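Biologist: Hi! Could you walk me through this one while I have it open?

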Number of protein chains: 2
Amino acid sequence: VTGAPLLAVTMGEPAGIGGELVLQAWIGRRSRALPPFVVLDDPERLESLARGLGFAVPLAVCSDTAGAAEAFERALPVLPMPLAVPARAGRPDPANARVVLASIARGVELVRSGACAALVTNPINKSALYQAGFDHPGHTEYLGALAGPDCRPVMLLEGAGLRVVPVTIHVSVRQALDQLTTEAILSCGRIAAAGLISDFGIDRPRLAVAALNPHGGEGGAWGDEEARIILPAIEALRAEGIAVTGPHPPDAMFHAAARKGYDVALCMLHDQALIPLKTLAFESGVNITLGLPFVRTSPDHGTALDLAGTGRADPSSLVAALHTAARLAANRLRLSAAAAAS
Amino acid sequence: VTGAPLLAVTMGEPAGIGGELVLQAWIGRRSRALPPFVVLDDPERLESLARGLGFAVPLAVCSDTAGAAEAFERALPVLPMPLAVPARAGRPDPANARVVLASIARGVELVRSGACAALVTNPINKSALYQAGFDHPGHTEYLGALAGPDCRPVMLLEGAGLRVVPVTIHVSVRQALDQLTTEAILSCGRIAAAGLISDFGIDRPRLAVAALNPHGGEGGAWGDEEARIILPAIEALRAEGIAVTGPHPPDAMFHAAARKGYDVALCMLHDQALIPLKTLAFESGVNITLGLPFVRTSPDHGTALDLAGTGRADPSSLVAALHTAARLAANRLRLSAAAAAS
């Protein structure tokens, strides 16, 4: 790992809003004090997009990352990943699935080699990728597979000062109930605690574990998962020296005063985590993957096919993802340098 | 129904914070421009509570509601409901269960007879009542039973400009999945729409129906309840002339811009409704029961046994419940008068 502050930004779905958000972020690079980044994208499609939207964005097409950080001030550095067919706003084409995935794989190479300090991914369109044979449940799981067999990626979302980790993610509520185990909570809790130390620079992170059921199960009257599944995980985490509280009634842990009591909320269901996060930080939330051998962030929104090509999409979340990636990479580097020195 | 603006306030759990919140609310009656209310409580326990907390609250002990509204300015009107045993802060006693329930029943009589314009209930302690033989799932269901056999009470919570109605309520998440039916959503939707017209004075209320599963089921990949259960209810509501949208991804419907698009969110799970509400309005949320033959509101918090007797409990939610009750009763009266005149 080098100290290069250059970030790698993937293409994402070329029919979505990723490209225009990248162009907008670069245009605002000075006012927003953005860290330098290189985008793994098709220069022709970026040029055409900029032309269509009336954006003045000179490209610095590179063959590798050397000089990209220096070029960033005057031009948007691009490592070319040519599309198979031209992108049409709002209309994903499975013919481009291979290059969408190649852009992610290239990004992983760049961060694993140390050529880039962190990976920032643009949103992908899963159905277009599935049609082309992609068989991972999502972006995060694909990154986990690229990172190696023992890798267990954990999704953390941050926004408006709140951090949440959903233990169950991209499944129905009914399936989530079946997937919720003490082991799953324990594993997420360990990775969350380790990630808050290594990437967020929090010495002794405080975890708040949510209950599953209303009022935390009302003493067992409304579900037994709190006693049967969640409490044993809390006790095991505590036995490992992690500062942990809960299970908390899910509706009483996300207001401003409650949020001061923890560094991350471990949530049992996707929307238990995502509802408070997006209620408070819809435009500016950042998705961070813990448990990977590199720092990865992404904006907390989708491809927004209906907005693509209009220039009306809000780059706040991508901007926050870029800032967060740089901050987390610097923390990780500082701590690993300190560990190496001691 | 008379035009009397007097509100009836129940005792709630006498070991909880209800009594001291009532005293605090009355002390702030002028600065908060509170509507007059009569409290159905034990005058001795209120006197003792006021003395213990150093509150100067003269009581106007009444035998009926005549003159209570006029007395309110100089003293707190009390219709006596004597406790069986003295209340001890933080320690509910099943011996007092009968009078706790009698206070609620008396309140219902007062609003049904027109002596009071609306009912505001203080929180009860369900386990103390269960021990004394109470067999309703909760406060709202008890009120429904008192109101008559055809009554189907629907819980609506309001705070920070957001209104939510949970279709499933006081059950585990697993049971909620089993209870979620097209008929339940349809029935809640009808009562919510009718209540927004009659009590909130919204001519053509806009309902936003939440999905159950993450991302709204991701096109069927993560659960089929959206297509199988929720969409048919939306279509039936629309066929009845109700303005309704959805199913909406649950995490994308509660941020400030989304909230402008509807008057009430119909939620599939307790915490899908309560998490955004309490994240935004933890201290000031109001619980409103629709579908009753009278207006009923209550503060959106519990008995807070740990805070009882300290004087540190925040009366904001009770104050909001009083204001809301007066506003809703006035709307209902105005519309029924208009209907009678036409």
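Modeller: Happy to; we can start with the interface and then turn to a couple of single residues. Keep in mind that this is a predicted model.

Biologist: Sure. How many residues of chain B are in contact with chain A?

Modeller: On the chain B side there are 32, and they are in contact with 32 residues of chain A.

Biologist: And how much area do the two chains bury between them?

Modeller: About 3,100 Å², with 63% of it on carbon and sulfur atoms. In chain B, the residues that lose the most area to chain A are Arg174(B), Asp251(B) and Ile275(B), which together make up 21% of what that side buries.

Biologist: Nice. What about salt bridges across the interface, how many does the rule find?

Modeller: It finds 4 between chain B and chain A. One pairs Asp178(A) with Arg174(B), where the closest N and O atoms are 3.4 Å apart. There are also 8 residue pairs in polar contact across the interface, both partners at pLDDT 80 or more.

Biologist: Which elements of chain B give two or more residues to that side?

Modeller: Helix 7 (173–179) and helix 11 (270–280) of chain B. Helix 11 of chain B gives the most, with 9 residues.

Biologist: And how do the residues on the chain B side divide into nonpolar, polar and charged?

Modeller: They split into 15 nonpolar, 9 polar and 8 charged.

Biologist: Let's hop over to chain A. Where is Thr279(A)?

Modeller: Thr279(A) sits in helix 11 of chain A, residues 270–280.

Biologist: Why is Thr279(A) classed as buried?

Modeller: Because its relative accessible area is 7%, and the cut-off for buried is under 20%.

Biologist: OK, so what is Thr279(A) in contact with, leaving aside its neighbours within four places in sequence?

Modeller: Leu274(A) in its own chain, plus Phe254(B), His255(B), Arg259(B), Pro276(B) and Leu280(B) from chain B. Separately, a polar atom of the Thr279(A) side chain lies 2.6 Å from the backbone oxygen of Ile275(A).

Biologist: Changing topic: where in chain B is Glu218(B) found?

Modeller: Glu218(B) is in the loop between strand 8 (206–210) and helix 9 (225–239) of chain B.

Biologist: Is Glu218(B) buried or exposed?

Modeller: In between: Glu218(B) counts as partly exposed, because its relative accessible area is 31%.

Biologist: And which side chain does the side chain of Glu218(B) make a polar contact with?

Modeller: That of His215(B), at 2.8 Å. Further along the chain, Pro249(B) is 31 residues from Glu218(B), and their C-alpha atoms are separated by 9.0 Å.

Conventions
Residues numbered from 1 in each chain as written. Chains lettered and ligands numbered in written order. Predicted model: local features only at pLDDT ≥ 70, side-chain atom pairs only at ≥ 80, totals over all residues. Heavy atoms only, no water. Contact = heavy atoms within 4.5 Å. Buried area = accessible area lost by both parts, 1.4 Å probe. Salt bridge = Lys/Arg side-chain N within 4 Å of Asp/Glu carboxyl O. Polar contact = N/O pair within 3.5 Å; in protein donor to acceptor, adjacent residues only side chain to side chain. Helix = DSSP H or I, 4+ residues; strand = E, 2+ residues; numbered from the N terminus. Nonpolar A, V, L, I, M, F, W, Y, C, P; charged D, E, K, R; others polar. Buried < 20%, exposed > 50% of the residue type's maximum accessible area, 1.4 Å probe, protein only.
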